Amino acid sequence: MNLVEVGTVAFDSIETPFGKRDKVVGGAATYISLAASFFVKESGLISVIGDDFPKDMLSNMENKGIDLQGLQIKEGEKSFFWSGKYHYDMNSRDTLITDLNVLADFDPVVPTDYHNCEFLMLGNLAPSVQMSVIDQLPTRPKLVVLDTMNFWMDIALDELHAVLKKIDVLTINDEEARQLSGEHSLVKAARKICDMGPRILIVKKGEHGALLFHGDRVFFSPALPLEEVVDPTGAGDTFAGGFIGYLASTKDISFDNMKRAIIVGSAMASFACEKFGPERLLELTKDEIDTRVREFINLTEVDIELVS
Ligand code: AMP
């Protein structure tokens, strides 16, 4: 298996200033695997759900080449549930409820078919679970990317620090980068966070794009100015899925290719915001993705002659 992704598969209740949805399918690994499926033929998903999770969604995922051998289904138990409310700018939100349910005692088992995975995406969930997946792999993948959030910084900071030592790329949002580093300046934060383990840091800034830091080098991808943002839930995970999916399909982990990958990730994230939950990702076509990536290129391409 070329690409393996770990993370929550969940239900979300979402409230934005413009609408509300109760108990839609969500979860970090749901968005990651759906986004990556446009770039890789097959990927393996490691997660846990209760028997309340819709079977048709699982079939949709399998039809997109997402292998579910690593997905545990716990009879009589409830899936992870998260509820959030967005502020008027749609860039920031408050978490109202996090019910771990099946995630509380999740013990991941990495299927043998995934042991040789080259690209590992450790999506948002308990750092101890992320670590357990790394520990079960007999050979280290070519690239390990990790995403996390303030929730885990608040309750499992030591475990998070331990797993940060084992990864190559960390993706977090600007607020979380500040919390993790204790620095307000994102440049200083990047330096401190890279001293914690990852070589590369990606800071997601919602509608203000994403920054890619590697040593003294920095690259910026804008976010597409959308006429209407319906629901930004999962945009960060969709970004991560597009990023690692593109890298896994090109098998090139150079800094230059990562620049391309954050443009692709940003294009994928823009789709996620257009409808509630993962709805837009389920109907998306490769042609639409290509057109959108071109829009990103046009957004920043400029001919400029410097006058001295
Ligand atoms: P994003 O908007 O990209 O940050 O991701 C939102 C998704 O993350 C939602 O679908 C939630 O189900 C999931 N989520 C929220 N909180 C957590 C958490 N503490 N751990 C793992 N996944 C979470």
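Strand 2 (10-16), strand 6 (80-86), helix 4 (150-155) and helix 8 (235-250) each contribute at least two residues to the shell around the ligand. The model is a predicted one. Among the contributors to this shell, helix 8 gives the most, with three residues.

**Ligand site**

In total, 19 residues surround the ligand, and the closest of them are Asp12, Gly27, Arg93, Gly234 and Asp237. By residue class, the shell divides into nine nonpolar, seven polar and three charged residues. Three polar pairs between protein and ligand are listed below.

| Residue | Protein side of the pair | Ligand side of the pair | Distance |
|---|---|---|---|
| Gly27 | polar backbone atom | oxygen atom | 2.7 Å |
| Arg93 | N or O atom in the side chain | oxygen atom | 2.8 Å |
| Asp237 | polar side-chain atom | oxygen atom | 2.6 Å |

The ligand on its own has 510 Å² of accessible area, and the protein covers 94% of it. Gly27, Arg93 and Asp237 are also among the closest residues to the ligand.

**Strand 4 and its neighbours**

Strand 4 spans residues 43-50, and eight of its eight residues are buried. Both of its faces are covered. One side carries Ser43, Leu45, Ser47 and Ile49, while Gly44, Ile46, Val48 and Gly50 are on the other.

Which strands pair with strand 4? Strand 1 (residues 3-6) runs parallel to strand 4 and is joined to it by three bridges. Here Glu5 of the pairing stands opposite Leu45 in strand 4. Strand 5 (residues 66-74) also pairs with strand 4 in the parallel sense, over seven bridges. In that pairing, Ile49 has Ile73 in strand 5 as its bridge partner. The connection from strand 4 to strand 5 involves helix 2 (residues 55-63), and these three elements make a right-handed β-α-β unit.

Ser47 lies in strand 4. Is Ser47 buried or exposed? Its relative accessible area is 1%, under the 20% cut-off, so Ser47 counts as buried. The C-alpha atom of Ser47 is separated by 7.6 Å from that of Ala29, although the two residues are 18 residues apart along the chain.

Ala29 is one of the buried residues of helix 1. This helix covers residues 28-36 and is mostly covered, with nine of its nine residues buried. Besides Ala29, the buried residues of helix 1 include Ala28, Thr30, Tyr31, Ile32, Ser33, Leu34, Ala35 and Ala36.

**Hairpin of strands 12 and 13**

Strand 12 (residues 210-214) and strand 13 (residues 217-221) pair in the antiparallel sense, over five bridges. His214 has Arg217 in strand 13 as its bridge partner. The hairpin has two residues between its strands, and Gly215 takes a positive phi near 55 degrees there.

**Positive phi outside glycine**

Most residues other than glycine have a negative phi. Which residues have a positive phi although they are not glycines? Met90 has a positive phi of about 60 degrees, and Lys251 has one of about 55 degrees.

Met90 is found in the loop between strand 6 and strand 7 (93-99). With a relative accessibility of 9%, which is under 20%, Met90 counts as buried. Strand 6, on one side of this loop, is also one of the elements that supply at least two residues of the ligand shell.

Lys251 is placed in the loop between helix 8 and helix 9 (255-272). Its relative accessibility is 41%, which lies between the cut-offs of 20% and 50%, so Lys251 counts as partly exposed. Helix 8, which borders the loop of Lys251, gives the most residues to the ligand shell.

**Asp168 and its polar contacts**

Asp168 lies in the loop between helix 5 (157-164) and strand 10 (169-173). Asp168 is buried because its relative accessible area is 9%, under the 20% cut-off. What does the side chain of Asp168 contact? It makes a polar contact with the side chain of Arg140, at 3.1 Å. In addition, a polar atom of the Asp168 side chain lies 2.7 Å from the backbone nitrogen of Val144.

How values were computed:
Residues are numbered from 1 along each chain as its sequence is written. This is a predicted model: local features need pLDDT of at least 70, side-chain atom pairs count only at pLDDT 80 or more; totals for chains, interfaces and linings use all residues. Side-chain values use heavy atoms; hydrogens and water are left out. A residue is near a molecule or strand if one of its heavy atoms lies within 4 Å of it. A polar contact is a pair of N or O atoms within 3.5 Å; within protein, one must be able to donate a hydrogen and the other to accept it, and residues adjacent in sequence count only if both atoms are side-chain atoms. Accessible areas come from the Shrake-Rupley method with a 1.4 Å probe; for residues, only the protein chains shown count as cover. Helices (H or I, at least four residues) and strands (E, at least two) are DSSP runs, numbered from the N terminus. Ala, Val, Leu, Ile, Met, Phe, Trp, Tyr, Cys and Pro count as nonpolar, Asp, Glu, Lys and Arg as charged, and the others, Gly among them, as polar. Buried means under 20% relative accessible area, exposed over 50%, partly exposed in between (1.4 Å probe, protein chains only). Two strands pair if DSSP finds at least two bridges between them. A crossover is right-handed if, with the strands pointing away from the viewer, the path from the first strand over the helix to the second runs clockwise.
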